[in-house]
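Please examine the structure shown below together with this report. The text treats the surfaces facing the DNA, then the contact between the protein chains, and finally the enclosed and open spaces.

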There are 2 protein chains.
Amino acid sequence: MPTPPLTVDAIVATSRALLVEGGADAVVVREVARRLGVTAPALYRHVSGRDDLLTLLITACTDEVTDACEDALETCRPDDVEGRIRAATLAFRAWALDHRPEFGLVYGTPLMHYAAPVGGPTVEAGQRFGGLFGSLFVEALAAGRLRVVDDDQLSPGVRASLLDTATRLGLPMRAGEVRPFIVGWHRMLGIVSVEVAGHLRWVFGEDASTFAHEQLEELLAELLVPAGPRAGST
Amino acid sequence: MPTPPLTVDAIVATSRALLVEGGADAVVVREVARRLGVTAPALYRHVSGRDDLLTLLITACTDEVTDACEDALETCRPDDVEGRIRAATLAFRAWALDHRPEFGLVYGTPLMHYAAPVGGPTVEAGQRFGGLFGSLFVEALAAGRLRVVDDDQLSPGVRASLLDTATRLGLPMRAGEVRPFIVGWHRMLGIVSVEVAGHLRWVFGEDASTFAHEQLEELLAELLVPAGPRAGST
DNA sequence: TTGTGCAGTGAACAGTGTTCACCCTACACT
DNA sequence: AGTGTAGGGTGAACACTGTTCACTGCACAA
C-alpha cells in the first residue's frame, strides 16, 4: 500500500500522539517524520518548524476543548443557565483530566522558548473559548442569576480592565457584571490546573476528583444566586 | 586568578541562573560547565546527570520559598494568626512573581521526563513547606479563628484523605479542621499559578496584581472567622 | 619514592532542529 | 510532442544536546 499523502492534518495528528505519549518535549520533528514514513526535511514543506507545530497543536487542542464544552451544553434545557454553566465547567475539567499533556501545553506553565504568534490562530481559538463562557454569563445575567457587584465597589484599575475586556469581547455588561465571569474563569482554571498537575497528590493520592468537584460546586454557588422563583440580583 | 573550586553549590547556582534566563529547557549541562570554566564531563564528578541537577534545583527553590514565608512571619505579632497567615500567603505570591521560572519548575506543569526521587530531597523540602502552613492553621484553630466544618458533613473519601494527611503531618486535627488548610492551599496555589503563568493577561494585561491580591483576601475571609472579641468557630 | 584515588580532559555516540543542494515527478504552455 | 516549471521529497551537513569512556595530571598517604 502506498504511503498516504503528507498533509498538515496528518502531521498535527502524529505530533499530538507524541505529545500524549511523552509531553511537549517528546514532540520531536524527526520522530513525527519517522512515523509518517518520511524524512524530517519533508515536514518543512508543510510546517515552518517546531514552533509552528506547537502553534498548530495548541490551536487544535483549544478548539477541541471548546467543542467539548459546547457539546456539553446540549445536554441541558436551554433555559437552565446554571445547569449550562455547570455542564460547561465540568466538561472543561473532564477534558483536562482526560488530556493532561494537552491541557499542560495550553493552560500550563508557558514554554519559555515558545511565543504564540500575536493575533495568530492560538489567540483566535482562545477567544472562541472565552466567548463561549462569556455568553453563558450573559445568559445568567439576563436571567437575573448572576451575583453581580456595584461598579463603584471595584478598585479603579480592576474596573477599567473588566470594562475593557467586556467591550473587547462584545459583552454588553458593566464592570461589576463581568467580574463574576473573570472570577469564575480564574478560579476554575486554578482548581483544574492544580488537580491536573497533581499538586494535591500528597493529600488525596491519585484521585482528587470528589474534592475538586466540590470546589467547583462551591464556586458555582458563589457566582450564582439560587434559582428561587422571581429571584433577582441582590 | 585561579578558577574557584568546582562545588555542587556553584553548579546549582549556575543552573539557577540559566533557569532564570531561559526556563527549564535552558538548564543545559554543557552551558553550566562553560560558565564554570570547565568541560561538561567534569560536572558528572559532582552531579549524577541533568535530572540530579533539576532535583537539586527544585529542592533549593522550595527551601528558598519556605524561608521567604518563614521570614514574613517575623513581621507579625506572634498572637496575630490572621496576620501571620496573610503574611505567609503574600510572601508566597511575592516569591512566585519574583521567581516565575523557579515557580514554574516547582509548582507548574510537571516535566514528563523528570520524576522526583521518592522520599528524596524534593519531597522532604515540600514537607517542610507544607508543615509551615500547617502549623499556621493549627495556630488559627487554637485561637478559634478557623472556620471549621463538622466531620460528618464531609464525603467519606475526602474525610479519610484529610484525616490521613493530618496524621502524616503530625497535625492534631480532625478532618473538618484540616479541610480549611487544604482548601486554602489548593486555592492559593491555583490563584498564584494562574497569575504567574499569565493566563489573566487577556483581561488585566501584564499587571493582575490588585485582582489577584483581592482574590487572596477573599480566600482568607472565607477561611477565617472575623477577629471579634471572644469569637469562636460557628 | 611509590602508590592511589580524585578531578578534569578530549573524543566519541546517539540524538536534536534546521538548512542546503539536489532530484524526480506531475502538470502547463507553446 | 517537447519544454519549462514548481512542488514535494531526499541525503548530507552544521551546530547543538546528554552521557560515557579512556586517559592524564596532581595531591597526598604509606
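In this predicted model, α2(A) gives the most to the surface near DNA strand C, namely 3 residues. The elements that give two or more residues to this surface are α2 (29-35) and α3 of chain A, together with α3 of chain B. Of the 19 residues around DNA strand C, those that come nearest are A:V29, A:R30, A:Y44, B:T39 and B:R45. Sugar and phosphate account for 47% of the atoms of DNA strand C that come within 4 Å of the protein. By class, the surface near DNA strand C has 10 nonpolar, 3 polar and 6 charged residues.

For DNA strand D, α2(B) gives the most to the surface, with 3 residues. Two or more residues come from each of α3 (40-43) of chain A and α2 (29-35) and α3 (40-43) of chain B. This strand has 19 residues around it, of which A:T39, A:R45, B:V29, B:R30 and B:Y44 come nearest. Of the atoms of DNA strand D that come within 4 Å of the protein, 49% belong to sugar and phosphate. The surface near DNA strand D has 10 nonpolar, 3 polar and 6 charged residues.

Which atoms of the DNA strands lie at short distances from polar protein atoms, such as the side chain of B:R30? For B:R30, the partner is a base nitrogen of DNA strand C. The table sets this contact beside others.

| Protein residue and atom | DNA atom | Distance |
|---|---|---|
| A:R50, backbone N or O atom | phosphate oxygen of DNA strand C | 2.8 Å |
| B:R30, polar side-chain atom | base nitrogen of DNA strand C | 3.1 Å |
| B:T39, side-chain N or O atom | phosphate oxygen of DNA strand C | 2.7 Å |
| A:R30, side-chain N or O atom | base nitrogen of DNA strand D | 3.2 Å |
| B:R34, side-chain N or O atom | phosphate oxygen of DNA strand D | 3.1 Å |
| B:Y44, polar side-chain atom | phosphate oxygen of DNA strand D | 2.7 Å |

The side chain of A:R30 thus has a polar atom 3.2 Å from a base nitrogen of DNA strand D, while A:R30 is also among the residues that come nearest to DNA strand C. Likewise, B:R30 is listed among the residues that come nearest to DNA strand D, and a polar atom of its side chain lies 3.1 Å from a base nitrogen of DNA strand C.

The two protein chains also meet each other. In total, 43 residues of chain A are in contact with 43 residues of chain B. The size of an interface is often given as the accessible area lost when the parts come together. Between chain A and chain B, the buried area is about 3,900 Å², and carbon and sulfur atoms give 62% of it. Of the area that chain A buries against chain B, A:H186, A:H199 and A:W202 supply 18%, more than any other three residues.

Empty spaces are considered next. Rolling a probe the size of a water molecule over the atoms shows where empty space is left. The structure holds 5 cavities of 30 Å³ or more. The largest cavity has a volume of about 100 Å³. Its lining includes B:F133, B:F137, B:F181, B:W185 and B:M188. The elements of chain B that give two or more residues to this lining are α5 (81-98), α7 (121-142), α9 (175-197) and α11 (209-223). The lining of the largest cavity divides into 10 nonpolar, 2 polar and no charged residues.

The second largest cavity has a volume of about 80 Å³. Among its lining residues are A:F133, A:F137, A:F181, A:W185 and A:M188. At least two lining residues come from each of α5 (81-98), α7 (121-142), α9 (175-197) and α11 (209-223) of chain A. The largest share, 4 residues, comes from α9(A). By class, 9 residues of this lining are nonpolar, 2 are polar and none is charged.

How many charged residues are in the lining of the second largest pocket? This lining divides into 6 nonpolar, no polar and 6 charged residues. The second largest pocket has a volume of about 200 Å³. Residues of both chains line this pocket, including A:E218, A:E222, B:R147, B:R179, B:R187 and B:E222. Two or more lining residues come from each of α11 of chain A and α9 and α11 of chain B. The most, 4 residues, are given by α9(B).

Definitions and conventions
Residues are numbered from 1 along each chain as its sequence is written. Chains are lettered from A and ligands numbered from 1 in the order in which they are written. This is a predicted model: local features need pLDDT of at least 70, side-chain atom pairs count only at pLDDT 80 or more; totals for chains, interfaces and linings use all residues. Side-chain values use heavy atoms; hydrogens and water are left out. On a 1 Å grid over the protein atoms alone, a cavity is a set of points where a 1.4 Å probe fits but cannot get out, and a pocket is an open set with protein on both sides within 12 Å along at least five of seven lines; lining residues have an atom within 4 Å of a point. Grid points are joined across faces, edges and corners, and a volume is the space filled by probe spheres set on the points. Ala, Val, Leu, Ile, Met, Phe, Trp, Tyr, Cys and Pro count as nonpolar, Asp, Glu, Lys and Arg as charged, and the others, Gly among them, as polar. A residue is near a molecule or strand if one of its heavy atoms lies within 4 Å of it. A polar contact is a pair of N or O atoms within 3.5 Å; within protein, one must be able to donate a hydrogen and the other to accept it, and residues adjacent in sequence count only if both atoms are side-chain atoms. Contact means heavy atoms within 4.5 Å. Buried area is the accessible area (1.4 Å probe) that two parts lose on being put together, summed over both.
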